[in-house]
Structure formats: structure tokens, C-alpha cells
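Student: I have a model open here and would like to work through a few of its contacts with you. Shall we begin?

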Amino acid sequence: MRIRTIMPSLSGATKILNRKNTYEETAKATLVYFWSMSCSECAHSIKNLKELERIFGDRLTVHAIHMPREESDYSEALVKEKIKQLEIIYPVYLDNELKISDRFGNKFVPAYYIFDQQQQLRFFKAGYFALKLLQQKIERII
């Protein structure tokens, strides 16, 4: 996905956990975060996301896309348990059919896509990314 590409639709999730709403266009910056419960780096990254949500509050919308990597990742019950354990409060889209992942062209977890207020891609990074650097990228967009 190239910089300035319009954010793809988040439709097609097997289920959305934590919130009943689906993606709606907003005038806020948006962080789309791909993760998997079987990814050890993802658990650490989610702690950073919680801190970002605290820092930016209602100026940033966060959507977490759970992208299965192994058989146990397809279990809704296990994902719910992991969400509870990690205290994830933002929407989690179960992408068991990889429809959202394919639309983004995403193959890695963790992966971060930051979109500006016009929903244009402004930053992408796969792999662990330090909180301070992620915060700086978001501050530039906001």
C-alpha cells in the first residue's frame, strides 16, 4: 500500500469484538493495527497502543485487526480471552478469512497503518515499533 492511498474498508470481519459499531469515516487520525494472539511482540505492542489511546484520547481512532497465523488463532473464545488478558478496549476485528488483511496487502504482525483525517495513508511499519517513535508519527499527522 502506497503513502496517500485511501484507507481500505474494514468490512468483511468474521466478527467485531469490544464494540458493536463498524468502521465509520471520521475526521480523526486512524491507527489500524494488525496483530495475532500467537505473536509475542504483539502483546508488548498492545501496551504501547493503550498508552497512545491515553495520550491522544478522542483525537485518534484505533482499530485492531486480529490476523490468524496458526490454528489456535481462529478460536473466537481464545481471542476473547486474550483481549481480556491484555485489557484491549478498542474494536477488534476478527479477520479469520483474511479479507481485511488482503485488502491492506498485509502479511505481517504486528503492523501499523496510520491514516490522516482525510483517511489517507501517512505511515506504515511492520514489526515492533517503539512507543515514542509511533507517538511522534501520530503527532505529525494530528
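Student: Leaving aside neighbours within four places in sequence, which residues is Lys50 in contact with?
Tutor: Happy to help, and keep in mind that this is a predicted model. Lys50 has its place in helix α1. Once its neighbours within four places in sequence are set aside, the residues in contact with Lys50 are Leu86 and Glu87.

Student: Is Lys50 buried, partly exposed or exposed?
Tutor: Buried would need a relative accessible area under 20%, and exposed one over 50%. Lys50 has 25%, so it counts as partly exposed.

Student: How far apart in space are Lys50 and Ile89, C-alpha to C-alpha?
Tutor: In sequence, 39 residues separate the two. In space, the C-alpha to C-alpha distance between Lys50 and Ile89 is 8.2 Å.

Student: Now the helices: how is α1 oriented to α4, roughly parallel or oblique?
Tutor: The axes of α1 (residues 40–56) and α4 (residues 131–141) come within 10 Å and cross at roughly 40°. Angles under 35 degrees would count as roughly parallel. The crossing angle therefore makes α1, relative to α4, oblique.

Student: How many residues of the contact of α1 with α4 are nonpolar?
Tutor: Helix α1 contributes residues including Leu49, Leu52 and Ile55, and α4 contributes Leu134 and Ile138, among others. Two residues of the contact are polar and two are charged, while the nonpolar ones number seven.

Student: Which strand gives the most to the largest nonpolar core?
Tutor: That core has 43 residues, and Val32, Phe34, Trp35, Phe104 and Leu134 have the most contacts inside it. With six residues, the strand giving the most to this core is β2.

Conventions
Residues are numbered from 1 along each chain as its sequence is written. This is a predicted model: local features need pLDDT of at least 70, side-chain atom pairs count only at pLDDT 80 or more; totals for chains, interfaces and linings use all residues. Side-chain values use heavy atoms; hydrogens and water are left out. Axes are lines fitted to C-alpha atoms, for helices over the stretch in contact, and angles run from 0 to 180 degrees between N-to-C directions. Helices (H or I, at least four residues) and strands (E, at least two) are DSSP runs, numbered from the N terminus. Angles under 35 degrees count as roughly parallel, over 145 as roughly antiparallel, 65 to 115 as roughly perpendicular and the rest as oblique. Contact means heavy atoms within 4.5 Å. Ala, Val, Leu, Ile, Met, Phe, Trp, Tyr, Cys and Pro count as nonpolar, Asp, Glu, Lys and Arg as charged, and the others, Gly among them, as polar. A nonpolar core is a set of buried Ala, Val, Leu, Ile, Met, Phe, Trp, Tyr and Cys residues joined through side-chain atoms within 4.5 Å. Buried means under 20% relative accessible area, exposed over 50%, partly exposed in between (1.4 Å probe, protein chains only).
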